[in-house]
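Open the model in your viewer and keep the selection panel at hand. We will go stop by stop.

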Amino acid sequence: MKRKAIAASAAVLLLPLSACGGSAEAGDGKTVTITVGYQSKTINTVTAGTLLRSLGYFEKNLNALHDGHIYKVDWQDYATGAPITAQMTAGKIDIGSMGDFPLLINAARGKQLDKPTRLVSVTGYNLRGGLNTVVASPGSKLSALTDLKGKKISTSVGSAADGTLVRALQRAGIDPEKGIEKLNQQPAVGASALSAGSADALSQFVAWPGLLAYQGRAKALYDGAQLNLPTFHGVTAREDFAQRRPAVLEAFLKAQAEATDYLDTHPVAAAEKVAKATELPAEVVYLYNGAHGISTFDPALKPQLVSALKKDVSVLKAEKLTGDIDVDSFVDDQYVKKALGADYARHLSSAPPTAAGEVWPKGAQKTTEFKSAADLLRYVAGHKDGIRAAYVPDATTGTLWFADKAVWVADGDRLLPFVAPATAKAYAAAHGGARVITYADALRRAS
């Protein structure tokens, strides 16, 4: 009965908000309003949402069309992808951005209601799955995923974070349907439930795990990158809109590419812009969107991401949220290919930057990179009052994390950071003489 209630709750979220259909485009014939649904706080979609909106690139590109129309953009902000899908299938949103699992639900609902949508580009991705994290309260005795058996876990059913939770539990030998009590909650509600003690753990997507850790309200329990399965967010458009206004969609994708270039070349400034628009701490935004952040941004529909999307279908089917989905017909790269032109091949072959630690000094407009964790710690120890944030990549997954929130291991002269305690303990157990130490001890050893 519990699982039926969760499925029913998720299904309600996915229902279209209107049965009247119609089009999101509005105006008097000459003036056309394009409606874009985005998730301001899901910060690996910023190049198609928050950052793009603040830079004004889409509006600039629309003004450059000179096709006899006056274009206006209606930006609509949502907490998750489900309501964007509902509005798209009701004909009320033209372009939307959401995570990989919600994208599949978007495809399924569009086909079911004869309001087909198409995946037209990617925003942020992580090839190992590090965009999703399971966290517990700071004082919790939970230290590994196996500790979650029989516990209450908050997540958003049908989200990428839910997919990570299901797969991680399966690998840990826990039945994701019967082995835990799953609470289907919006991210903010789940965060409150964790703080109140009504949830034992929280599985969520960016930026919630990093935010809660930064605020001292949670500790990482499981790094989604341990799955070593790509996860990403992308841009979806209504098929009828794309066919009716291809130049407008291409203008959007060109603007997205321009916003991506801005983020890549001005990572600190981009983080500050997103922080101002979302009221998220810039330090948290940078954790995900920085030069070596957890998320890599590129509009190209990379084959490995499409392949991962196909593997996600079975998870949603098991949760009874969708049936079979024809991913190949959902993915439509013609518009982003035209938007990026000759550069598209380069985008397809590009790879994430090499993992590196970074320190963000107070008052600085750029970060300082470090090749080793020991070098970074040495710098931090010598500039304790001048550090805004320090970031280190997990020694096994490469997932960036706050240095003072990481779990540290001393292995001889080496100082190694880990996102989650279980991976740190596993490393120490496999390397004779290695042991888990405190952050304070790591700073002392490095200085």
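In what order do the four strands of the open sheet run? The order is 13-12-14-15, and the pairing is antiparallel. Keep in mind that this is a predicted model.

**Stop 1: the open sheet**

Select strand 13 (368-370) and strand 15 (400-402). These are the edge strands, and each pairs on one side only. Look along the sheet next. On average, neighbouring strands are turned by 25° against each other, direction ignored.

Now add strand 14, residues 387-393. Strand 14 runs antiparallel to strand 15, and three bridges join them. Show the side chains of Pro393 and Leu400. Pro393 stands opposite Leu400, which belongs to strand 15.

In general, strands of a sheet pair through backbone hydrogen bonds, in a parallel or an antiparallel way.

**Stop 2: strand 5 and its partners**

Select residues 132-136, which make up strand 5. Is this strand mostly covered or mostly open? Strand 5 is mostly covered, with five of its five residues buried. Show the side chains to see two directions. Asn132, Val134 and Ala136 point one way, while Thr133 and Val135 point the other way. All of them are buried.

Add strand 8, residues 201-205. Strand 8 pairs with strand 5 in the antiparallel sense over five bridges. Which residue of strand 8 stands opposite Val135? It is Leu202.

Then add strand 9, residues 219-223. Strand 9 also pairs with strand 5 in the antiparallel sense, here over four bridges. Val134 stands opposite Tyr222 of strand 9.

**Stop 3: a cis peptide bond**

Zoom in on Val206 and Ala207. The peptide bond from Val206 to Ala207 is cis, and its omega is near 0°. Ala207 sits in the loop between strand 8 and helix 8 (208-214).

**Stop 4: two crossing helices**

Select helix 5 (100-112) and helix 6 (160-171). Where do they cross, and at what angle? Their axes come within 6 Å and cross at roughly 110°. Helix 5 is therefore roughly perpendicular to helix 6.

Colour the contact residues. On helix 5, Asp100, Phe101 and Pro102 take part; on helix 6, they meet Ala160, Gly163 and Arg167. By class, this contact holds three nonpolar, one polar and two charged residues.

**Stop 5: helix 13**

Select residues 303-318 for helix 13. Its buried residues are Leu305, Val306, Ala308, Leu309, Asp312, Val313, Val315 and Leu316. An α-helix has 3.6 residues a turn, so residues three or four places apart point the same way.

What covers the buried residues of helix 13? The cover includes helix 5 and helix 6 from the previous stop. It also includes strand 4 (117-126), strand 10 (231-238) and helix 14 (327-330).

**Stop 6: two residues with positive phi**

Move on from helix 13 to Lys320, which follows this helix. Lys320 lies in the loop between helix 13 and helix 14. Its phi is positive, at about 60°, although Lys320 is not a glycine. Is Lys320 buried or exposed? Lys320 is exposed, with a relative accessible area of 65%.

Finish at His66. This residue is in the loop between helix 3 (57-63) and strand 2 (70-77). The phi of His66 is near 50°, a positive value in a residue other than glycine. His66 counts as exposed because its relative accessibility is 71%, and the cut-off for exposed is over 50%.

Technical notes: Residues numbered from 1 in each chain as written. Predicted model: local features only at pLDDT ≥ 70, side-chain atom pairs only at ≥ 80, totals over all residues. Heavy atoms only, no water. Pairing = 2+ DSSP bridges. Axes fitted to C-alpha atoms, helices over the stretch in contact; angles between N-to-C directions. Buried < 20%, exposed > 50% of the residue type's maximum accessible area, 1.4 Å probe, protein only. Contact = heavy atoms within 4.5 Å. Parallel < 35°, antiparallel > 145°, perpendicular 65-115°, else oblique. Nonpolar A, V, L, I, M, F, W, Y, C, P; charged D, E, K, R; others polar.
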